[in-house]
Amino acid sequence: MADCLFCKIANKEIPSLTIYEDNWSLGFLDINPLSLGHVLVVPKEHAENILDLKENLIGKLFSAVKNITEALSDAFSPQGFTIGINHGRISGQAVDHLHIHIIPRYEGDNGGSLHSVVKNPPSEPAEEVQTKVKQAVEKLRNKR
Ligand code: AMP
Ligand code: ZN
């Protein structure tokens, strides 16, 4: 994608503090780190989000996430990680090229869990929700 910031970083047209690279994925330091070792992992091929990511690249990307998490554990010995994706504007996605945040967590870092991100519990009964989603899953399965 011509005008995509993370495509440009993946193609080395824009510098980044790269810490990991393989044939399919790149890991680099977030320019505005939320904690020591905050890394972004991107597929080299443009995809706006996971829905857009080619099936064969999903495992590759997740493998890079695992490798980098292991390296960060070794480098900084954090007590844990928050690993996540802002998907869509409403969730805070600012760059329209899929990126997975790996945020090392340290005792006393004043952060919360993923449960603190959204407070919007549904009023629909859980069984209704289950039926709707199961139907959608079946529909997709039949389409593939
Ligand atoms: P998001 O809100 O999930 O789209 O996150 C975008 C992230 O990209 C933010 O955490 C930014 O700090 C980070 N970012 C933006 N530009 C750059 C850049 N040139 N190099 C590294 N990280 C960047
Ligand atoms: Zn891109």
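Mentor: Donors are N, O and S atoms within 2.8 Å of the metal (3.2 Å for Na, K and Ca), and since water is not among the atoms, sites may look incomplete. This is a predicted model, in which local features need pLDDT of at least 70 and side-chain atom pairs count only at pLDDT 80 or more, while totals for chains, interfaces and linings use all residues. Residues are numbered from 1 along each chain, and side-chain values use heavy atoms, without hydrogens and water.

Trainee: What makes C4, C7, H46 and H97 donor residues of the zinc ion (ligand 2)?

Mentor: The SG atoms of C4 and C7 and the ND1 atoms of H46 and H97 lie at 2.0 to 2.3 Å from the zinc ion, and the cut-off is 2.8 Å, so they count as donors.

Trainee: Why is the site of the zinc ion (ligand 2) called tetrahedral?

Mentor: Four donors count as tetrahedral if all angles lie between 85 and 135 degrees, and the angles among these 4 donor atoms are 103 to 116°. Along the sequence, the spacing of the donor residues is C-x2-C-x38-H-x50-H. Of these, C7 in helix α1 and H97 in the loop between β4 and β5 are 90 residues apart, and both are buried (under 20% relative accessible area, 1.4 Å probe, protein chains only).

Trainee: How do you know that strands β3 and β5 pair?

Mentor: Pairing requires that DSSP finds at least two bridges between two strands, and 3 bridges join β3 to β5, which run antiparallel. One of the bridge partners is I100 in β5, which faces V41 as its partner.

Trainee: What makes β1 and β4 edge strands?

Mentor: The open sheet has the order β1-β2-β3-β5-β4. Both β1 and β4 have a single partner strand, so one side of each is left without a neighbour in the sheet.

Technical notes
Chains are lettered from A and ligands numbered from 1 in the order in which they are written. Helices (H or I, at least four residues) and strands (E, at least two) are DSSP runs, numbered from the N terminus. Four donors count as tetrahedral if all angles lie between 85 and 135 degrees; four count as square planar and six as octahedral if opposite donors are over 155 degrees apart and all others between 65 and 115; anything else is irregular. Buried means under 20% relative accessible area, exposed over 50%, partly exposed in between (1.4 Å probe, protein chains only).
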